[in-house]
Amino acid sequence: MNDIHIKGVHEAYFVPTVNFEVATGKCEIEGESYLEETTKFYAPLLAWIREYIDTVKGPLYFDFKLSYFNTSSSKCLVDILDMLKNYQKKGGEVTVNWYYDDSDEELEEIEDFIMETGLQINKIPLE
Amino acid sequence: MEKRDDKYDFSLYEYHNLLHQNILVSYKGPIDERIMTVIGENIEIVTNDGNDKARTKIFKIFMELAQNVWLYSAESCKTISGKQLGMGTLVIGEFGNYYTFVTGNVVKNTDIEPVIEKCEIINSLDRDSLREYRREQRRLANQGKPNSGNIGLIQVALTAESPLDIELTPVSDEESFFSIAVKIKKTNCK
Amino acid sequence: MESAKETKHRTTDNIAISYTGVFDNEILSVLAKEIEGTLSSDDKVNKKVFKIFIELAQNISLYSLERDVTSGGDGMGVGTMIIRNFDTYYEFSTGNKTTKENIIPVMEKCDNINSMSREKLREYRRLQRNMPAGQKGGGNIGLIQVALTASNPIEYALVKCEDGNYFYIVSVRINKD
């Protein structure tokens with residue numbers, strides 16, 4: 001399987017920067033997520049995680065540094081978190097860091113993701 | 001809608017209606033390059049009724065007048081990065097056999113007097129005199145004479161083939177709201 | 001707005017940014033950038049207005065009855081967006097044409113959202129987020145997000161137009177504090 005590297009774009013739509021590495025299990029999604037076809041964009045990311053879990057079976061370190069995501073992106077983010085939670089349940093090693101600027105609303109949103117998925121997420125304020 | 005605690009009675013419906021009666025595009029807010037680009041493109045799309053000449057005219061007039069708003073508005077806002085941006089209004093409308101293009105912005109009274117004088121001169125001239133006036137002003141501008149650079153308005157009048165409808169409404173002792181409206185006929189475009 | 005004279009009312013109505021026309025991707029992107037970068041010097045407030053704008057403007061593109069079909073397909077919705085600046089808050093409003101049948105469920109949804117506490121609203125968002133896309137009742141997180149971001153109720157109004165259709169207005173306040 002291959003790494004995923006997507007360079008963020010801030011034009012009519014906002015594409016987040018994505019870096020998924022097979023060798024290290026390090027994954028990051030950062031920037032802004034507001035896409036023309038949200039599900040289509042996230043499908044290969046979900047497929048990558050699925051394949052990594054099934055074949056590599058290594059640890060996964062996820063860094064989310066999203067300064068903005070719209071509601072349809074949030075659905076896909078929950079799909080990712082659900083997948084990570086299931087992997088963890090089956091004994092996989094999963095670390096998730098979520099970076100946020102110091103607004104209550106964003107903190108709330110992370111807390112809701114935790115509640116929604118049951119996954120432990122480290123909340124890290126951005127400097 | 002719930003009665004507001006502000007001093008203005010405002011109905012978005014009336015506003016939309018007022019705007020949308022014959023209005024193709026209307027924008028009020030900070031004017032910068034990207035807004036000019038996107039509104040310019042938008043104007044090209046909405047006036048695309050097969051009359052390329054009218055469309056080109058509107059676009060030329062838009063570029064001249066929007067630039068004036070952009071450069072000379074006295075009402076400005078500060079961007080997050082600290083840049084000052086002029087605020088203004090751009091409206092394009094469609095009425096039967098013509099389009100209208102209207103710009104509006106707050107100006108300092110002292111700045112606008114020469115502009116109004118210029119508009120009055122422009123409106124008093126026939127097409128040939130207007131062309132002569134443009135040549136004369138261009139020569140003066142090339143010689144670096146102050147207050148002579150405003151060929152834009154002459155160009156607008158020549159392109160539109162109609163007078164400049166101007167309106168000045170005081171908003172304070174020093175400032176007024178200045179707007180220019182031009183009609184562009186759909187037919188008779190040479 | 002045929003003449004120069006009629007344009008002046010725009011200075012006296014607290015409008016910070018307004019737009020009427022086609023809600024296509026390019027204009028939405030530029031308006032979003034204006035909001036993000038120029039609305040106020042408080043980037044937190046700008047971001048809130050920006051988030052609300054993205055959710056509500058998208059509804060106009062998709063659902064406005066009035067459409068511009070020059071770009072082909074179903075075309076893009078036409079509507080109005082206004083941000084007004086008051087002493088202690090911004091007011092963000094959108095308006096577009098619609099039919100009664102289409103809009104009644106949306107208004108019921110607003111009532112429902114307005115009746116909920118913040119905690120309930122968050123619970124509701126979690127619930128909606130887990131509904132599969134395309135399922136009836138799902139895909140409507142936008143309004144919940146608007147209420148949570150604004151921390152204020154969603155006001156709405158429906159006005160009958162001369163052509164028998166309706167004009168639907170949504171309005172929320174974003175406190176400056």
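**Salt bridges, cores and exposure, term by term**

Analyst: Across the interface of chain A and chain C, the rule finds eleven salt bridges. This is a predicted model: local features need pLDDT of at least 70, side-chain atom pairs count only at pLDDT 80 or more, and totals for chains, interfaces and linings use all residues. Residues are numbered from 1 along each chain as its sequence is written, chains are lettered from A and ligands numbered from 1 in the order in which they are written, and side-chain values use heavy atoms, with hydrogens and water left out.

User: What makes A:Asp112 and C:Arg122 a salt bridge?

Analyst: The closest N and O atoms of A:Asp112 and C:Arg122 are 2.9 Å apart. The rule asks for a side-chain nitrogen of Lys or Arg within 4 Å of a carboxyl oxygen of Asp or Glu. The pair therefore qualifies.

User: How many residue pairs are in polar contact across the interface of chain A and chain C, and which elements of chain A take part in that side?

Analyst: The rule finds 14 such pairs, both residues at pLDDT 80 or more. A polar contact is a pair of N or O atoms within 3.5 Å; within protein, one must be able to donate a hydrogen and the other to accept it, and residues adjacent in sequence count only if both atoms are side-chain atoms. Strand E6 (60–69), helix H2 (71–89) and helix H3 (104–117) of chain A each give two or more residues to the side that touches chain C. H3(A) gives the most, with nine residues. Helices (H or I, at least four residues) and strands (E, at least two) are DSSP runs, numbered from the N terminus.

User: How much area do chain A and chain C bury between them, and which residues of chain A supply the most?

Analyst: About 2400 Å², 43% of it on carbon and sulfur atoms. Buried area is the accessible area (1.4 Å probe) that two parts lose on being put together, summed over both. A:Thr71, A:Lys75 and A:Glu105 supply 26% of what chain A buries against chain C, more than any other three residues. The contact (heavy atoms within 4.5 Å) takes 27 residues from chain A and 29 residues from chain C.

User: Why is A:Lys57 called exposed?

Analyst: Its relative accessible area is 57%. Exposed means over 50%, buried under 20%, partly exposed in between (1.4 Å probe, protein chains only). So A:Lys57 passes the exposed cut-off. A:Lys57 sits in the loop between helix H1 (38–56) and E6 of chain A. Its phi is positive, about 55 degrees, although A:Lys57 is not a glycine.

User: Why is A:Lys65 called partly exposed?

Analyst: A:Lys65 has 31% relative accessibility, so it counts as partly exposed. A:Lys65 lies in strand E6 of chain A. Beyond four places in sequence, A:Lys65 is in contact with A:Ile29, A:Glu30, A:Gly31 and A:Tyr99.

User: And what class does B:Glu161 get?

Analyst: B:Glu161 counts as partly exposed, because its relative accessibility is 32%. B:Glu161 is in the loop between helix H6 (151–160) and strand E5 (165–170) of chain B.

User: Which residues touch the most other members of the largest nonpolar core?

Analyst: B:Ile39, B:Phe101, C:Phe53 and C:Phe92, in a core of 89 residues. A nonpolar core is a set of buried Ala, Val, Leu, Ile, Met, Phe, Trp, Tyr and Cys residues joined through side-chain atoms within 4.5 Å. Helix H2 (residues 43–63) of chain C gives the most to this core, with nine residues. Another core lies apart from it, with 36 residues, among them A:Ile29, A:Tyr52, A:Leu60 and A:Trp98.
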